[in-house]
Each structure stands twice: as structure tokens, then as C-alpha cells.
Amino acid sequence: MVVIIKKILAKLTKTENSGGAINQDSNSLFDILSTLNNNDVEVQQDISETIYFICLKHLSESLGKMQWEKREITKKKGRETIFDNDLDLLLNIRPNPYMSAITFWQTVELNRNHYGNSYVYIERDGKKIKNLWQLPSNEVEIWIDNKGYFGLKDSIWYVWNDSRSGKRYSFLQDDILHFKTHMSWDGLSGTAVRDILKTQLNTQKSALNFLKRIYSSSTLGTKVVVHYTGELNDAKAKNMVDKIANFAKAKESGAFIPLPMGYQAQLLEMKLADSQFFENNKNTALQIAAAFGIKPNVINDYTKSSYSNSETQQLDFYINTLQPLFLIYEQELSYKLLHPRDLEKGQRLVINEDILFKMDNQTKANVYSNYVQNFIMTPNEVREALNLPYVEGGDKLVGNGNAISIDKAGEQYMKGGEENKNTITE
């Protein structure tokens, strides 16, 4: 293990061509890559709020399950998928030796939403990208060198203040993948949603504490208030309560409870519905979810839900929430991970969105049958989409022979029309 640590440190302390470097040594792997501190009190306080947790969970899982592809955009072929084994292993299998791809991207998205910014260090071996390492979002600062003090004028540096070792590491902008939220006042750093919604989050947490107190104190439900004249000390009051409770539990007493002269019993009911607790709590929950772009059915609000309504909400979630999110990652990854020469060719790193639109077998059969019959897909392309092997002769477009191009429309009647005219004349 010590040898592995030394190799990583030797690589990270080496100055890259782009200018990014980690310039100090360390003695532990945890000094290099600090993970999210589970004992962070501030994190625990926010994560403990159920709606906030559901929103973070849903967004991080939505990104984590997506697959990355390298595509080249051409006029003739449109978007053509290009298989790049190195990038596929890096983005879809193992970004680094310690994380799977789904865990890595979920963690990146979780930090982006919670802290407003997420940072990933690009470890290079020459021109080849070797690993991707996530940096603690709450320990990274963004510096702008507008005077060129570090050798490059108007450059952006990311400075990591490692809380474990107390050391500082600097990275040039080309060595860091920076993912920020949609709320940014300067375009350089994002604003966390929790900082914007402090009032709503505090309201939700207060509601949870309120429920905890009234449940633990048994305040809810029907109580009996006994009115009496005079004062009672604690011992006498407890003795009176015990006697009334014993009469209420006794089978022979029936529905009658004797009270001394001058005493009067009255029922007191406390219900959360009377204070509109659930209505207020629901409105606050919907506001928090809406700030994240999360739909009501995700937070288990089915008040006005139906099958078609849920389907519409899913489509709206994809268009208005996931598409802007995917663009944030696609543009940053394409610019930082692809060579400028590849960018000029029209190559991009994109997310395969087909995983979001899984169809049932009947719908799938109808859709693919129409694609084949209308010369849109070859049989082998459909078989590939169905995870079936290719068949011989399946690479040709086939379809309904009655279909013709628009420039030939009506030609099939020309010859027959002339013959019919001659026949009638004779």
C-alpha cells in the first residue's frame, strides 16, 4: 500500500503541460483524496430533512445511471457513435481505482447540488487521461490570476485547502472539471439551493421537531380537563388523576366516572388538522422540490395524480430538469477531456438518453416495426437495440415497396394513362 501511495504522490506532484500541479507531499492516501465527512454537522442537519434528501437522491441517481458516448456530428451521417475504449472505461466503468462509475457520478452530482459546485481533478499520463479524482467541494477555492503572477495572465486556478493535512494544492483550470448549479451570479461559481431556500428548509426541520415533541409527549388525541376550585399540589393532583384513570379502565364502572362536588370534566381534543399542519407542510415541501426541478409524484404527492399525469410529469422532468443538467456535464467534459483537434472534427461526449425511455414489449414491437417498414432503421440496427446478434443480409434498408420519393409521385400513372387514351380514341 505504501508503494501505491508513493506512486500516486509522484504523479500528482509532477507538473503537467497545462500548468496544473499538486506541489506538496503527503503521507496518506486520505490526505490526497478526502471524501465527504459524514460527521459534518451542517450536512447532517440538511440531509435529515426528508424532502431535501429525496431531491438530492433523485438527481444523483438520475445522473449516475446514465451512460456516456463519444459521437461525431457530420452533415451526412448526423450524430455517429464512435467507440473509444479508453474513454468508455474512464467514464462508464472505472473513473479511478477506488470508485465505480455510478458511485463516482452520483457523488459528483450530490456535491454539486449540496455545495453548489463539484470539482474533479484530471490525472494525466502524458496526453492520456489516467484517472478522475473528486475533490472535496467545501475545501476548494477559485482564484483568478488577472495579473499573471503564476505565469498565465487571466488564468483561473483551483486551490484545494486539505483539511486533513493542512496543506494547499493548486490546479490550473484545464486540470479541473468544474460542475456548478444553474444559479451563478458571476458565471464562475454556483450557488447551492440550500443557501437560497434556508427559510423553507428551516420550516421543514422545525415541523419535524414539532412532530417529535408532540408524539414523545403524547399531546395528540383526546384529553380530559378537570375543572376544580382551589389549589392542588402535585401529589394530590396525581392522586386525583390516578383515581379517574382507574375508574375509566374498570369494567364495572361502565361509562360513568364519579367526581367530587365542585369538579367538572371536559373533553379536549388536539388535532394537527385544526392547525392546518399538513397543508402548510405540503406547500413547503412542494416549494423545495420545485426549486430542484423535482415533480410532485417523486416526493409521493399523488393528490392530483393519474397515470397520464404522472407520465406527463416524467416527460416534463426530462425536458426542463435533466436536459439542462446533462448539458452542464456534456459541455464541460467535451471541452476538458477531448483534444482540440477532435472538437474541430465535431466530436462530442454526450449522454445516451435512451435509458430514460424504456418501452414495454408491445410498444417496442410497434415502434421498431414502423422504423423498419419505413426505411428508417435496418433490421440489424433494430436487433442491436434489442440486444440481439446481427443476421446476414440485415444491413440493408427494407420496407414497403409502395413508397416512392416525392419527385417521382404520379409517374406510375403516366404510361397507363396514355394507353387508355389511345384505346378510347380508336
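**Loops, a helix pair and a few single residues**

N387 sits in the loop between α14 and α15 (414–425); helices here are DSSP runs of H or I with at least four residues, strands are runs of E with at least two, and both are numbered from the N terminus. The model is predicted, so local features need pLDDT of at least 70 and side-chain atom pairs count only at pLDDT 80 or more, while totals for chains, interfaces and linings use all residues. Residues are numbered from 1 along each chain as its sequence is written, and side-chain values use heavy atoms, with hydrogens and water left out.

Back to N387: its relative accessibility is 70%, so it counts as exposed (exposed is over 50% relative accessible area, buried is under 20%, and partly exposed lies in between, with a 1.4 Å probe and protein chains only). The backbone of N387 has a phi near 60°, which is a positive value in a residue other than glycine. As a rule, most residues other than glycine have a negative phi. F375 has a positive phi too, again near 60°. This residue belongs to the loop between α13 (361–373) and α14 (379–385), and it comes after α13. With 36% relative accessibility, F375 counts as partly exposed. As for α13 itself, its 13 residues should span 18 Å at 1.5 Å a residue, and the end C-alpha atoms are indeed 18 Å apart (the expected span is 1.5 Å times one less than the number of residues).

Stepping back to the whole chain, the secondary structure comes to 15 helices and 11 strands. Of its 426 residues, 34% count as buried. Contacts (heavy atoms within 4.5 Å) often link distant parts of the sequence: among those with a separation of 6 or more, 61% come from residues 24 or more positions apart.

One helix pair deserves a longer look. Helix α4 (residues 50–64) packs against helix α6 (residues 101–115) at an angle of about 140°, and their axes are 8 Å apart; the axes are lines fitted to C-alpha atoms over the stretch in contact, and angles run from 0 to 180 degrees between N-to-C directions. That angle makes α4 oblique to α6 (under 35 degrees counts as roughly parallel, over 145 as roughly antiparallel, 65 to 115 as roughly perpendicular, and the rest as oblique). The crossing of the two is right-handed, meaning that the near helix is turned clockwise from the far one by less than a right angle, whereas anticlockwise would be left-handed. On the α4 side, the residues in contact are Y52, L56, L59, S60, E61, L63 and G64, and they meet I102, W105, Q106, E109, L110, N113 and H114 of α6. Sorted by class, this contact has seven nonpolar, five polar and two charged residues; Ala, Val, Leu, Ile, Met, Phe, Trp, Tyr, Cys and Pro count as nonpolar, Asp, Glu, Lys and Arg as charged, and the others, Gly among them, as polar.

Both partners come out at the expected length. The 15 residues of α4 should span 21 Å at 1.5 Å a residue, and its end C-alpha atoms are 21 Å apart. Helix α6 also has 15 residues and reaches 21 Å from its first C-alpha to its last, close to the expected 21 Å. Buried residues in α4 include I51, I54, C55 and S62. In α6, the buried ones include A101, F104, V108 and Y115. Just after α6 comes G116, with a positive phi of about 95°.

Within α6, E109 is a residue to zoom in on. Its relative accessible area is 0%, so E109 is buried. Leaving aside neighbours within four places in sequence, E109 is in contact with L59, S60, L63, L325 and Y329. E109 and E61 are 48 residues apart along the chain, yet their C-alpha atoms are separated by 8.6 Å.

Two strand residues round things off. N131 is part of strand β4 (residues 128–135) and counts as buried, at 10% relative accessibility. Apart from residues up to four places away in sequence, N131 touches L90, P95, N96, P97, Y121, I122 and E123. T81, in strand β2 (residues 78–82), is partly exposed, with a relative accessible area of 47%. Not counting residues up to four places away, T81 touches E69, K70 and R71. T81 and L349 are 268 residues apart in sequence, but 9.9 Å apart in space from C-alpha to C-alpha.
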